[in-house]
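Reader: I'm new to this. Please pick one spot inside this protein and walk me through what surrounds it. Keep it plain and quick.

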Amino acid sequence: MENTGRHSVDLRGFTLTDKQGNRYRFRDFRLDGRSSVKVHTGHGRDTRRDVYQDRRHQIWDERDTATLRDNRGNIIDTQSWGRRGHHHR
């Protein structure tokens, strides 16, 4: 996930879901301007560059869609991948 703007964004309450409905909710997390964070499925220690869903099994499939929603449920962005290549909204 990337913030291309100059200002930081508070992601508290934002969610990231896949096609099957698996959901990750950001806790207290602020994404700095012009920076990115990787959202991992497995276990690990959250940092400014990496956050972890603490799941035992991989949730992202070879063909899937990730949807980012704000804390009100509005779709902010989607990204799909698979046989037809990447699609970014």
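**A close look around Leu-16**

Author: Start at Leu-16 and skip its neighbours within four places in sequence. Leu-16 is then in contact (heavy atoms within 4.5 Å) with Asn-22, Arg-23, Tyr-24, Val-39, Trp-60, Ala-66, Thr-67 and Leu-68. This is a predicted model, where local features need pLDDT of at least 70 and side-chain atom pairs 80 or more, while totals for chains, interfaces and linings use all residues. Numbering runs from 1 along each chain as its sequence is written, and side-chain values use heavy atoms, without hydrogens or water.

Now the core. The largest nonpolar core has 14 residues. Its members are buried (under 20% relative accessible area, 1.4 Å probe, protein chains only) and joined through side-chain atoms within 4.5 Å. Leu-16 is among those that touch the most other members. So are Leu-11, Phe-26, Phe-29, Val-39 and Val-51. Val-39 is also on the contact list of Leu-16. In soluble globular proteins, nonpolar side chains tend to be buried together.

Next, follow Tyr-24, one of the contacts of Leu-16. Tyr-24 leads into a cluster of rings with Phe-26 and Phe-29. Rings pair when their centres lie within 6.5 Å. The count comes to three aromatic pairs. One joins Tyr-24 and Phe-26. Their centres are 5.0 Å apart, and their planes meet at 80°. That is edge-to-face (planes over 60 degrees apart). Both Tyr-24 and Phe-26 are buried. Phe-26 also pairs with Phe-29. Here the centres are 6.0 Å apart, with 40° between the planes. That pair is tilted (neither over 60 nor under 30 degrees). Why is Phe-26 called buried? Because its relative accessibility is 2%. Phe-29 counts as buried because it is at 10%.

Leu-16 has another side to its story: the largest pocket. A pocket is an open set of points on a 1 Å grid, fit for a 1.4 Å probe, with protein on both sides within 12 Å along at least five of seven lines. This one holds about 630 Å³ of space. Its lining has 23 residues. Lying nearest the centre are Leu-16, Met-1, Glu-2, Val-37 and Gln-79. Strands E1 (2-3), E7 (38-40), E9 (64-69) and E10 (75-81) each give two or more residues to that lining. E10 gives the most, with five. By class, 13 lining residues are nonpolar, seven polar and three charged.

To sum up, Leu-16 belongs to the largest nonpolar core and lines the largest pocket.

Note on methods
On a 1 Å grid over the protein atoms alone, a cavity is a set of points where a 1.4 Å probe fits but cannot get out, and a pocket is an open set with protein on both sides within 12 Å along at least five of seven lines; lining residues have an atom within 4 Å of a point. Grid points are joined across faces, edges and corners, and a volume is the space filled by probe spheres set on the points. Helices (H or I, at least four residues) and strands (E, at least two) are DSSP runs, numbered from the N terminus. Ala, Val, Leu, Ile, Met, Phe, Trp, Tyr, Cys and Pro count as nonpolar, Asp, Glu, Lys and Arg as charged, and the others, Gly among them, as polar. Buried means under 20% relative accessible area, exposed over 50%, partly exposed in between (1.4 Å probe, protein chains only).
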